[in-house]
Amino acid sequence: MTSFILARTAQRTCWKLSQSLGVWCALGVGLGAATSHASAFLVEARTEAQAYQIRAWRGSTPDDPVLLPRRRIVQYLGLSAFEIATGQDLGFESNLRIWADFGLPKGEAERVDGLKSEDAELLHAYVRYAKGGFEGRLGRQLYTDVSDILAFDGLRVRYMSRLGLGAEVYGGLWVKGTSFLGSSVYQLEGTRESDARRLDAGVTGADSTLDAMEPLIGAKLLMEDVKGFHASVGYRKALVEGKTNLERATVEARYGRGLGVNVLAGVDYDVLMGKVAQVRTQLRWDATRFAATAEVMRLSPVLAADSIWYYFAWAPRDEARLRVDLFTPGALRFYVQGLGSKYNENVNPDLAIAAQVDAEGAPESTSVGGSAGAAWRSGSFRSALDVTYRTGYGGDQLWGDLTGGYTFDRERFTLDARVSFARIFDSFNARLGGNFYGAQVWASRSLTRATRLSLVVEQNFNPFTDSDTKGFLLFDLKASL
């Protein structure tokens, strides 16, 4: 049955897959012709069957919530090749995802922007070559820094000298939901994926540029492991129809040599807004029996310049954390942590609403609290307990989480369980008040050295959805050729 469903999905997306398979086959023929002595190929596959519910907002009330069933099947296929040319660091990595949602008919999905009942998505696929201090990647790839995580189709070139100094440049097209075999996961937030439906219907104000190509360029100056120091200074810019959609400058630094002082810092500056968007600083002391960490962050949504939210909902959240970890000589470890957050408001002080935001009895903009936990691991048994309390913004919240697991038959079979509890009281959101309970069981069995079958079942009880059940069945394959 699974094979039939996936085959049907592949047929309905053949206009995409026929092109991608052609590229893959051409690449495979090229690799095979010149790489009969390749060191290794790695094939990874995962099949997921998902069954769960989400709450409906139309025709649903707090006293009688309506749950919509979701029935999905997802197939991942990864192919990697290493040392394609003998003696050369030349390789290829890829990951393709095909999925179908049985609870969402195709006709209904077409009525909602960005919603699909089935699709194929190429998460990444690139050729990599390295020699000496040079490294190049060509194809669809992920890029991560203090600013964001994104995917683009293009070229990335990097060079590091023996002195630990170097540079990198990259450019291409930002991967969007409307890209070839694209996914909207890494697309900038704040705008619809496409206005194709509105354009076809002649809706006034429909935007034809939403699914336009988005060129991206970026560069960094690098320093790596110079007496324990790592640093970079970067710049990135993306354009849509010739207009800047994102422009950021970043600075990152890190120092550490294992035990002792370890420092991490990063700043993301929004050039268009002229404001600091993201900040993360962490100071950590690592010893044999304990570790102490102090961390301060500023977090802001990464929005497209075309979005109205970019100008009216950019207010950041500031957060501070203090944590101490203790490692006993045995199998037990503890931690305790203090937390503080401030949710900044972007309100024009000349507007009447500004007085309401700061009035007595208005929702607090700060939240304070702490957490503590312990973990035990001995032989085949493992367990952990975490408790968190916060008050202020979001109301009074108490969270508890207990997990445990055991490994049988020389790690061929594992069984894990989790019980969670939350008590929330928010005077400004009655729907989020009350007790929330949850339980989860995860069983996993190794069938062969290359395959594993897992089953996850979760049950939740709460005043928000009354009761909801989730089930996931996973089949994993990992083979080296």
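Student: What joins strand 8 and strand 9, and which residue in the turn has a positive phi?
Tutor: In this predicted model, strand 8 and strand 9 form a hairpin with two residues between them. Lys227 in the turn has a positive phi of about 55°.

Student: How many bridges join these two strands, and in which sense do they run?
Tutor: Strand 8 and strand 9 run antiparallel and are joined by nine bridges. As one position in this pairing, Met223 stands opposite Ala231 in strand 9.

Student: And what does strand 9 do with strand 10?
Tutor: Strand 9 pairs with strand 10 in the antiparallel sense, over 12 bridges. Val233 has Val251 as its bridge partner in strand 10. The hairpin of strand 9 and strand 10 has two residues between the strands, and Glu241 there takes a positive phi near 55°.

Student: Which side chains of strand 9 are buried?
Tutor: His230, Ser232, Gly234, Arg236, Ala238 and Val240 point to one face and are buried. Phe229, Ala231, Val233, Tyr235, Lys237 and Leu239 point to the other face and are not buried.

Student: Why the alternation?
Tutor: In a regular strand, side chains alternate between the two faces of the sheet.

Student: Changing topic: what is the volume of the second largest pocket, and which residues lie nearest its centre?
Tutor: The second largest pocket has a volume of about 420 Å³. Its lining comprises 22 residues, and Lys220, Leu222, Ser232, Glu252 and Arg254 lie nearest the centre. Ser232 is also one of the buried residues of strand 9.

Student: Which strands supply that lining?
Tutor: At least two residues each come from strand 5 (134–144), strand 6 (149–160), strand 8 (215–226), strand 9 (229–240), strand 10 (243–255) and strand 11 (260–270). Strand 8 gives the largest share, four residues.

Student: How does the lining divide by class?
Tutor: The lining of the second largest pocket has nine nonpolar, four polar and nine charged residues.

Student: What about Arg158: buried or exposed?
Tutor: Arg158, which is found in strand 6, counts as buried because its relative accessible area is 16%, under the 20% cut-off.

Student: What does Arg158 contact beyond its sequence neighbours?
Tutor: Leaving aside neighbours within four places in sequence, Arg158 is in contact with Gly133, Phe134, Glu135, Ala167, Glu168, Leu222 and Glu224. Arg158 and Leu222 are 64 residues apart along the chain, and their C-alpha atoms are separated by 9.4 Å.

Student: Now the enclosed spaces. How many cavities of 30 Å³ or more are there?
Tutor: The structure holds four cavities of 30 Å³ or more. The largest cavity has a volume of about 100 Å³.

Student: Which residues line the largest cavity?
Tutor: Its lining consists of Lys176, Gln187, Leu188, Thr191, Arg192, Thr209, Leu210, Glu214, Val240, Asn245, Ala304 and Asp306. By class, these residues divide into four nonpolar, four polar and four charged. Val240 belongs to the buried face of strand 9 as well.

Student: Further along the chain, how is strand 17 paired?
Tutor: Strand 17 (residues 381–392) runs antiparallel to strand 16 (residues 366–378), with 12 bridges joining them. Strand 17 also pairs with strand 18 (residues 396–408) in the antiparallel sense, over 10 bridges. Asp386 of strand 17 stands opposite Gly373, and its bridge partner in strand 18 is Asp401.

Student: How many residues lie between the strands in those two hairpins?
Tutor: The hairpin of strand 16 and strand 17 has two residues between the strands, and Gly379 takes a positive phi near 60°. The hairpin of strand 17 and strand 18 has three, and Gly394 in the turn has a positive phi of about 90°.

Student: What does Asp426 contact, and where does it lie?
Tutor: Asp426 lies in the loop between strand 19 (413–425) and strand 20 (434–446). Neighbours within four places in sequence aside, Asp426 is in contact with Gly394 and Gly395. Asp426 counts as buried because its relative accessibility is 14%. From Asp426 to Tyr393, 33 residues away in sequence, the C-alpha to C-alpha distance is 8.7 Å.

Student: Lastly, what are the totals for the chain?
Tutor: The chain has six helices and 22 strands, and 35% of its 481 residues count as buried. The chain exposes about 27,100 Å², with carbon and sulfur atoms supplying 61% of that area.

Key:
Residues are numbered from 1 along each chain as its sequence is written. This is a predicted model: local features need pLDDT of at least 70, side-chain atom pairs count only at pLDDT 80 or more; totals for chains, interfaces and linings use all residues. Side-chain values use heavy atoms; hydrogens and water are left out. On a 1 Å grid over the protein atoms alone, a cavity is a set of points where a 1.4 Å probe fits but cannot get out, and a pocket is an open set with protein on both sides within 12 Å along at least five of seven lines; lining residues have an atom within 4 Å of a point. Grid points are joined across faces, edges and corners, and a volume is the space filled by probe spheres set on the points. Ala, Val, Leu, Ile, Met, Phe, Trp, Tyr, Cys and Pro count as nonpolar, Asp, Glu, Lys and Arg as charged, and the others, Gly among them, as polar. Buried means under 20% relative accessible area, exposed over 50%, partly exposed in between (1.4 Å probe, protein chains only). Contact means heavy atoms within 4.5 Å. Two strands pair if DSSP finds at least two bridges between them. Accessible areas come from the Shrake-Rupley method with a 1.4 Å probe; for residues, only the protein chains shown count as cover.
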